[in-house]
Amino acid sequence: MSLLVWCQVVWVALWLRPVWSFGPGPSAAVTSSGSFRSPRSLLMAASEAVSTGDPLLLRAARGDAVERTPVWMMRQAGRHMKVYRDLCHKHPTFRERSENADVATEISLQPWRAYGVDGCILFSDILTPLPAMGIAFDIAEKEGPVLPRMTSMADVDRIAPLQPQQHTPFVAEALRNLRREVGHTATVLGFVGLPFTLATYLVEGGSSHDYRRIKTLAYEDPAMLHAMLSRLATNIGEYALFQIEAGAQVIQLFDSWAGVLAPDDYDAFAAPYQRQVVDLIKRHRPDVPLIMYIHKSGALLERMAATGVDIVSLDWTVSLTEAAARLDHAATSMSNEHARRVGLQGNLDPMVLFASPSVIRQKTDAILAAAAALPGRRHVMNLGHGIDAATPEAHAKVFVDVVQSHRRRR
């Protein structure tokens, strides 16, 4: 570290010293919202960010050389944390928690404070922008999403152009809050649901186990489904740009249910609209990294990379080594040179966090070692799916600490 950078880090430490003088003692620092982070974690984050002015995860997602692998967890803000469950007593419905900017900010910050993760993702839902398209929905605490089913082209015609400023100002406010709170110590992530997954909810009227209605629509009235997907793609691209303008530094794209499609159906009903969203974002903000996650996506890695995203998020059924080899092969056999540059996110099985700390360390170390053996392939550490609601918080902390204790050779 140069003398100038070290002086900057010392200045940050001195600037923070007054807030260390109250609260739980000298081992913690107070954020502007009144919570505590250790001075060691603050200094480490400050020293990593000061050298470039950008937080670690953002630099890694862009493909910059980084000093270590960044880590965060999908669904990290939520039910596995006691502080979240306590907050639910005061704000009992999901929409109340996610559509109040102050509450959404507080929930988003909870795992950042507790674990020191390198990514702070907005607490929200992929269905949140639907009212801005004229589509009502609710989220029942035990049943999940509940929506009026779309059954005709007339329903599709009622999907309105997105007006996020009018209908989702709380999203922008929460993202601005998060940027202010975490500064350069973490990357703020926004996220959106991609068209096929959103269409699944609209056609099924909620969650589904067999996806019978959406698949039947694809087979019997593909024109209606294509019209729905196209409208959703335009709106979702605009919603992602809205989040970026409000402060999101990376966008996570979820097409959770696209993994249930046969390859030819995926190529017809998922991939074109994934690309439409990606192209719209990249046309206006090519500097913002995009990460795509699909549940049970082992058979789809090459197709996911072909959409133009910067990083493919893996589940635990495919190793990083295999994923990289397949993407390298796709770069040659499919003339898709972009696949050689696509990064990888993941991919610890969330159930590992129920094992002993020694097993968590072993499994996490193995993934980090595999990533280190892939020169030129960017890596963001994460789980292979969202963290389970019953996960012990201490075990989640072990996972994050193991990753952050490694210094990556790049």
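Helices here are DSSP runs of H or I with at least four residues, and they are numbered from the N terminus. With that in hand, let us work through this predicted model in a few exercises.

**Exercise 1. Find how far apart Tyr-239 and Phe-242 are in helix α12, and classify their ring pair.**

Step 1. Helix α12 covers residues 222-246, and Tyr-239 and Phe-242 are three residues apart in it, so about one helical turn separates them.

Step 2. Rings pair if their centres lie within 6.5 Å, and planes under 30 degrees apart count as stacked.

Step 3. The centres of the Tyr-239 and Phe-242 rings are 6.4 Å apart and the planes meet at 20 degrees, so this pair is stacked.

Step 4. As for their surroundings, Tyr-239 and Phe-242 are both buried.

**Exercise 2. Work out which parts of the chain the pair Phe-191 and Phe-254 ties together.**

Step 1. Start with the total: the structure holds six aromatic pairs.

Step 2. In one of them, Phe-191 and Phe-254 sit 5.8 Å centre to centre with 85 degrees between the planes, an edge-to-face arrangement.

Step 3. Phe-191 belongs to strand β6 (residues 187-193) and Phe-254 to strand β7 (residues 250-254), so the pair links parts 63 residues apart in sequence.

Step 4. Both partners, Phe-191 and Phe-254, are buried.

Elsewhere, Tyr-84, Phe-94 and Phe-123 make up one aromatic cluster, and Arg-95 lies over the face of Phe-137, at 4.3 Å from the ring centre.

**Exercise 3. Trace the open sheet from strand to strand, and say which strands stand at its edges.**

Step 1. Seven strands make up the sheet, in the order β3-β6-β7-β8-β9-β10-β11, with parallel pairing.

Step 2. The edges belong to β3 (119-121) and β11 (379-380); each has a single partner strand, so one side of each lacks a neighbour in the sheet.

Step 3. Now follow the bridges. β6 and β7 run parallel and are joined by five bridges, and Gln-252 in β7 is the bridge partner of Phe-191.

Step 4. Next, four bridges pair β7 with strand β8 (residues 290-293) in the parallel sense. Here Gln-252 has Ile-291 as its bridge partner, while Phe-254 stands opposite Tyr-293.

Step 5. From β8, three bridges in the parallel sense lead to strand β9 (residues 311-313), where Ile-311 is the bridge partner of Ile-291.

**Exercise 4. Decide whether strand β7 is enclosed or open to the outside.**

Step 1. A residue counts as buried under 20% relative accessible area.

Step 2. Five of the five residues of β7 are buried, so the rest of the structure largely encloses this strand.

Step 3. Look at each side in turn. Side chains alternate between the two faces of the sheet in a regular strand. In β7, one side has Val-250, Gln-252 and Phe-254, the other has Ile-251 and Leu-253, and all are buried.

Step 4. Strand β8 can be read the same way: Leu-290 and Met-292 point one way, Ile-291 and Tyr-293 the other way, and all are buried.

Step 5. Take Leu-253 as a close-up. Leaving aside neighbours within four places in sequence, its contacts include Val-192, Leu-194, Val-278, Leu-290, Met-292 and Val-309.

**Exercise 5. Place Leu-253 in the largest nonpolar core, and find what supplies the largest share of this core.**

Step 1. The largest nonpolar core has 132 residues, and Leu-253 is among those that touch the most other members, along with Met-73, Leu-225, Met-228, Ile-251, Tyr-266 and Phe-399.

Step 2. The largest share of this core, 13 residues, comes from α12.

Step 3. For the wider picture, 57% of the 410 residues of the chain count as buried.

**Exercise 6. Compare the backbone and exposure of Arg-75 and Tyr-211.**

Step 1. Arg-75 is not a glycine, but its phi is positive, near 60 degrees. Tyr-211, also not a glycine, has a positive phi of about 60 degrees.

Step 2. Arg-75 is in the loop between α3 (56-62) and α4 (82-90), and Tyr-211 is in the loop between α10 (195-204) and α11 (212-220).

Step 3. With a relative accessible area of 56%, Arg-75 is exposed, whereas Tyr-211, at 9%, counts as buried.

How values were computed. Residues are numbered from 1 along each chain as its sequence is written. This is a predicted model: local features need pLDDT of at least 70, side-chain atom pairs count only at pLDDT 80 or more; totals for chains, interfaces and linings use all residues. Side-chain values use heavy atoms; hydrogens and water are left out. Buried means under 20% relative accessible area, exposed over 50%, partly exposed in between (1.4 Å probe, protein chains only). Rings of Phe, Tyr and Trp (its six-membered ring) pair if their centres lie within 6.5 Å; planes under 30 degrees apart count as stacked, over 60 as edge-to-face and the rest as tilted. Helices (H or I, at least four residues) and strands (E, at least two) are DSSP runs, numbered from the N terminus. A charge sits over a ring if NZ of Lys or CZ of Arg is within 6 Å of the ring centre and within 35 degrees of the ring normal. A nonpolar core is a set of buried Ala, Val, Leu, Ile, Met, Phe, Trp, Tyr and Cys residues joined through side-chain atoms within 4.5 Å. Contact means heavy atoms within 4.5 Å. Two strands pair if DSSP finds at least two bridges between them.
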